Amino acid sequence: MEWFTFQSSANKAPSANRELFAEQIPVQQLAEKFGTPLYVYSRQALETSYNAYYQALADRDHLICYAVKANSNLAVLNVLARLGAGFDIVSIGELERVLAAGGNPEKVVFSGVAKQRHEIRRALEVGVHCFNIESEQELERIQEEAQAMDKIARVSLRVNPDVDAQTHPYISTGLKDNKFGIDINHAPVVYARAEALSHIEVVGVDCHIGSQLTTTGPFLDALERLLLLMDQLKAQGIQLKHLDIGGGLGVQYQDEVVPSPSDYLVSVKQRLAEKGYGDLTLVVEPGRSIAAQAGIMLTRVELIKPTEQKNFAIVDGAMNDLLRPSIYSAWHTIVNTVEHSDVESLSYDVVGPVCESGDFLGKERALAIKEGDLLAIYSSGAYGFVMSSNYNTRCRAAEVMVDGSEAYVIRRRETVEEQFASESLLP
Ligand SMILES: Cc1ncc(COP(=O)(O)O)c(C=O)c1O
Ligand SMILES: N[C@@H](CCCC[NH3+])C(=O)O
């Protein structure tokens, strides 16, 4: 967490040693100014993680399509668009976000298992790079819409290679019993059909086996299966322009040792060169590995509640703000943003005020805290705010982007009135 560091504070309280900074700003200042719970992102962190992909791919034809779902705030998309990023989208809402943030539609790949007709039409209208097709039914639907609009739809088939991504079952997508993609064994037939359709242009092959992968093994296994398919397609006379290997590279939430984009992509590039596919455009769709470490969530300790069994630290952020611990039992490191020298470290379950026993941000965490302290939940830049909800009529958090010594509100805190605005009473 290079961009979130403990430093000595200029106005430190007598009992406090160091405090957490986001780039050059003490996070306490941000919490005081913008309230909590608060998402804080570092622009430099975002740029650095994007550039790690760019550096790894700069020596060949490539397209980095940031997976919008990971963090779709317009300012985040804009920072990446300015660096030249493309985008991986799964809905027309995400496409409109990309356009509003200044992204180039020609660098957009449209994924998703059931694109609706109106979504297909809009994507054709703005001219996306390609559709990642996930079934024969979807292929026929896209042909119909393209024909009606007198456009050619560029397509890439997302194949399901039946590879175990060795990640949480909810975020594993490349096994035969997952809903994603076209069975790789059946793909040649679907390619032949696509080639025969009047308003379809086959441009690539695509695969995304899951998220939060911490080793390259499953990626490389999937690649081998893709290479066999590509050889077969070549023999069928089908020329592909690109290979899209999806996203999925993990990040360090706790003590995982994860490969860097370059560790991973060096092996992919080498294997492609060996097999004579060095000239194909290599497309990647990273989400988490770009955004996760660029964000933290700040939350304040409301009450400390000791019970016979354990101590609860009840904070003002909850499962509606950061869902990952509740649904995946995901670990996010939690720190006190001020280091106290006069507070005993105890084990706490850090829980929110939502009426669910599954409402927790961390369990059995050693923390030296007191009421009113500000905690930081690390690695919250991806799949954090985007998965938040209004459960318990809680207002969604604000989001702030720090750039050096400046902080910008990139989403103001929601109000209860805004929540009511789209509802109405019966006459
Ligand atoms: C098709 C597709 N591409 C890319 C991603 C981004 O994955 P990650 O955030 O793990 O890089 C996802 C999400 O898992 C996805 O479903
Ligand atoms: N929401 C998941 C990732 C899903 C990836 C989308 N295919 C997470 O928080 O880890």
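**Exercise 1. Locate D162 and describe its backbone and surroundings.**

Start with the position: D162 sits in the loop that links strand 9 (153-160) to strand 10 (182-183). Keep in mind as you work that this is a predicted model.

Next, look at the backbone. D162 is not a glycine, yet its phi is positive, about 60°. That deserves a second look, since most residues other than glycine have a negative phi.

Last, is D162 buried, exposed or partly exposed? Count its neighbours: there are 18 C-beta neighbours inside 10 Å. A residue needs 20 or more to be buried and 12 or fewer to be exposed. D162 therefore counts as partly exposed.

**Exercise 2. Do the same for Y383, then find which ligand it surrounds.**

Y383 belongs to the loop between strand 20 (374-377) and strand 21 (398-403). Its phi is also positive, near 55°, and Y383 is a residue other than glycine.

Now the neighbour count. Y383 has 24 C-beta neighbours inside 10 Å, so Y383 counts as buried.

Finally, the ligand. Y383 is one of the residues surrounding ligand 2, along with K69, I171, S211, Q212 and R324. Sorted by class, this shell holds 2 nonpolar, 2 polar and 2 charged residues.

**Exercise 3. Describe the surroundings of ligand 1.**

How many residues lie around ligand 1? There are 15, and those that come nearest are A67, S211, G247, G287 and R288. You have already met S211 in the list for ligand 2.

Then sort the shell of ligand 1 by class: 4 residues are nonpolar, 8 are polar and 3 are charged.

**Exercise 4. Find the cis peptide bond at P37 and place it in the chain.**

Check omega first. The bond from T36 to P37 has omega near -5°, which makes it cis. For comparison, most peptide bonds are trans.

Then place the residue. P37 falls in the loop between helix 1 (27-34) and strand 4 (38-42).

**Exercise 5. Examine helix 3 and the residue after it.**

Which residues of helix 3 are buried? Within residues 74-82, the buried ones are A75, V76, L77, V79, L80 and A81. A helical rule helps in reading such a list: an α-helix has 3.6 residues a turn, so residues three or four places apart point the same way.

Move on past the end of the helix. G84 follows helix 3 and has a positive phi, near 100°.

**Exercise 6. Split the protein into domains and describe their contact.**

Begin with the bounds: domain 1 covers 4-42 + 292-420, while domain 2 covers 111-286. Their C-alpha centres are 37 Å apart. To the contact, domain 1 gives 8 residues and domain 2 gives 5 residues. On the side of domain 1 that touches domain 2, 4 residues are nonpolar, 4 are polar and none is charged.

Compare this with the record. An unreviewed UniProt entry lists residues 39-381 as "domain: Orn/DAP/Arg decarboxylase 2 C-terminal". In the model, that span is 32% helix and 25% strand, and its end C-alpha atoms lie 8 Å apart.

**Exercise 7. Sum up the whole fold.**

Count the elements: the protein has 12 helices and 22 strands. Its radius of gyration is 23 Å, close to the 22 Å given by the globule rule for 427 residues, so the protein is as compact as a globular protein of that length. The C-alpha atoms fill a box of roughly 75 × 65 × 40 Å along the principal axes.

Then turn to the interior: 47% of the 427 residues are buried.

Notes: Residues are numbered from 1 along each chain as its sequence is written. Chains are lettered from A and ligands numbered from 1 in the order in which they are written. This is a predicted model: local features need pLDDT of at least 70, side-chain atom pairs count only at pLDDT 80 or more; totals for chains, interfaces and linings use all residues. A residue is near a molecule or strand if its C-beta atom, placed from the backbone, lies within 6 Å of it. Ala, Val, Leu, Ile, Met, Phe, Trp, Tyr, Cys and Pro count as nonpolar, Asp, Glu, Lys and Arg as charged, and the others, Gly among them, as polar. UniProt positions are given in the numbering used here, feature names are shortened, and annotations may be inferred rather than shown by experiment. Helices (H or I, at least four residues) and strands (E, at least two) are DSSP runs, numbered from the N terminus. Domain bounds come from an automatic or database domain assignment. Two residues are in contact if their C-beta atoms, placed from the backbone, lie within 7 Å. The radius of gyration is taken over C-alpha atoms; the globule rule is 2.2 Å times the number of residues to the power 0.38.
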